[in-house]
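This short report looks at a few strands, one helix and one annotated domain. Please keep the sequence and the structure in view while reading.

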Amino acid sequence: MKENEQHLLKGEEGEEGHGRYHHGFNSAQMQSLASVCEAVFPSLPMDSTDGEEEKSNKVLQLFLNASASQPPIPDEVAETVVKRVFRELVIMAKIILQMLSSRLGTLLLCGSLCLSEKWPYINNFSGMSLERREKFLQRWNKHWFLSPIRAVFVILRICCLYVFFSRFGEDGDNLAWEAIGYQVDCDESQVSKGRPLQKGIIETMHGNDSTLLHSLTQKGLEVTQDPVQNLYKIKCDAVIVGSGCGGGVAAAVLARSGQKVIVLEKGGYFAPADYSLFEGPSMDQLYEAGGILPSYDGKMMILAGSTVGGGSAVNWSACIKTPKSVLQEWAEDCKISIFGSPEYDLAMDIVCERIGVTENCAEEGFQNQVLRKGCENLGLEVERVPRNSSESHYCGSCGFGCRRGDKKGTDCTWLVDAVDHGAVIITGCKAERFMLETNKKGRTRKKKCLGVVAKVLNNNVTHKLQIEAKVTISACGALQTPPLMKSSGLKNQNIGKNLHLHPVLMTWGYFPDSNSELKGKSYDGGIITSVHKVLSKNLDVKAIIETPALGPAQFSAICPWTSALDTKRRMLKYARTAHMITIIKDRGSGEVRSEGRVTYKLDAADKENIEAGMRQALRILVAAGAVEVGTHRSDGQGIKCKGIDGKQLEEFLDNVSAVGGPMSHDENWVIYTSAHQMGSCRMGINEKEGAVDENGESWEAEGLFVCDASVLPSAVGVNPMITIQSTAYCLSKRIAESLRGK
């Protein structure tokens, strides 16, 4: 087992006791937190399932007996909160838990629920009965007046369930998984061997200053040591920050053109055999903020890749070309000519060929069967989704990295090309700022970029890297590029703004195993192989409907919590609950204010479109044969399908709406999700319209380019991988041309 494989597969964190934890919660706060965890997910009697399962089922009994208050789960929840949640919310959580440890504080928050007829007459939260603690959480779930306090309990609940369903022991199992019908595919026969980027990789997390210096020189880099400033100074032709859909393509194009390229990646490098099938460590190692990255108001949960290959290593393989209507908008309305050119059309073809896009799917998984069947029964059009994998690729865990090596992300395509042409990829290395100086008089741009200063995330490496280059490219994504630009002193008003997220709301339908027409489990098969477009009367696309990948932890965290019993019943239906995602081309936008600080707001048209998509998705689920359907609204909005007619269904659908988030002043709320981020350093015809020009070059700094999703002028409206890579291809070809002769 390789060293980085051990790091990824580590799943027993916390088993060794309190010495492993650094959350800073005191004993009183931990006692309150354990009591909250128990109220969220307690031990329940065997008759709780209403006969849905056999009472003699020992697996079911273990699941019902399980409680989230069992050590070390509360400590792991506290650790997750501190590691992943905004500092202000962590402080508020500690204050609230401290209040709940005292009788007076509990009285203020719980009211009459904490009163008792016996001494001491007022109980603290831990002293309250389980039933009363659950009622307390139910009240705060609806409490709109003090929504920040509600948000604290929401995040504690999310982290509690996420930890419970993602953790596993030395045997690689979780006692709940068998009960809910979840199996981890441990078949090693189809795992792709080899490390295709090994000859170009420098993994900084496994060494010290001297080993790093040795690795840099061994790769043929020109390195000088500056002991005064504690720097390793490196020279190259092009330095690229980020290795995803933008950075990977740019690295290949520039390296092929004869340039010496260095790629900086703050994440790690994992070859197919290194990937884990386990949800917890995979999310922790492969995603920004471990897959728990909320917007500042808690309304949006954002998924963004953070590993070699970026989003392309963990996305769901959908390869949809940029819609013609979007290209027309960008070329004509935004006046970015590249999007109306044959150059861009050719780039899309080149990209699709390089990443092995196929048009058909040999066998669809359970959720896509549901989508297709529902559409066909309603007479709706459903289209195949091209994928960057073989037609026979039947893998529902590509969100954790593709162990079969069938999915062709940049880590096994473009970056391989780059390394084959001499590029070096430095992992575990985070860019801190671009090196800018005042430009020569007479130049168009006031500043000139000389390279980048980066910090190795391994504490055993004390030297920073100062990489000097002819061109510097930021390709660290729409969430990371703006903070890097700002920290470097750039002031363009568009940096960080115009952020589009393709906001998603989900709907679900339950299909018992007795429905034999639809085969498989919710986590089986290709993740996105079908799509339905929701059209307006004018035949404009209002939304698209696809299917997601949801491991048990993600499923438990995003589903509404109305009671402990309801949550356990929902989880017992996990394997046969099909989800539909409604994605819109958002007109509203947000802002990346600083690293990890994202604000976002839908506009009225966005809400209308997402509501239309959700209602259509529910019709599709019913038509496919679901016995129950619903949304993720906090009150558990749903309807039993047996015996309902069209009128009753439409009455239910009339109440389906795009409500606000947990910080809103609404009794009922919902958490939106986003897996696509774009537009936060958009192209513009001048510096008032964009942060970069149509060549991707900063309006403020000569030699500084942006080559990722942040340059897109607006939302794409479909899965954006092909758009990002095609844009990056065009921009990097132009950069390569500009470097000739320098």
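Over residues 283–504 the chain is 26% helix and 19% strand, and the end C-alpha atoms are 19 Å apart. Helices (H or I, at least four residues) and strands (E, at least two) are DSSP runs, numbered from the N terminus. For residues 283–504, UniProt lists "domain: Glucose-methanol-choline oxidoreductase N-terminal" in an unreviewed entry; such annotations may be inferred rather than shown by experiment.

This is a predicted model, in which local features need pLDDT of at least 70, side-chain atom pairs count only at pLDDT 80 or more, and totals for chains, interfaces and linings use all residues. Residues are numbered from 1 along each chain as its sequence is written, and side-chain values use heavy atoms, with hydrogens and water left out.

Several strands run antiparallel to a partner, as the table shows. Two strands pair if DSSP finds at least two bridges between them.

| Strands | Bridges | One bridge pair |
|---|---|---|
| E2 (residues 222–226) and E3 (residues 231–241) | five | Asp-226 and Leu-231 |
| E12 (residues 504–510) and E15 | seven | Tyr-510 and Thr-577 |
| E14 (residues 541–546) and E15 | three | Ile-545 and Thr-582 |

Four residues lie between E2 and E3 in their hairpin, where Asn-230 takes a positive phi near 60°.

Why is strand E15 (residues 577–583) largely enclosed by the rest of the structure? Seven of its seven residues are buried, where buried means under 20% relative accessible area with a 1.4 Å probe, counting protein chains only. Thr-577, His-579, Ile-581 and Ile-583 point one way from E15, and Ala-578, Met-580 and Thr-582 the other way. In a regular strand the side chains alternate between the two faces of the sheet.

Leu-108, in helix H6 (residues 103–110), is exposed (over 50% relative accessible area), at 63%.
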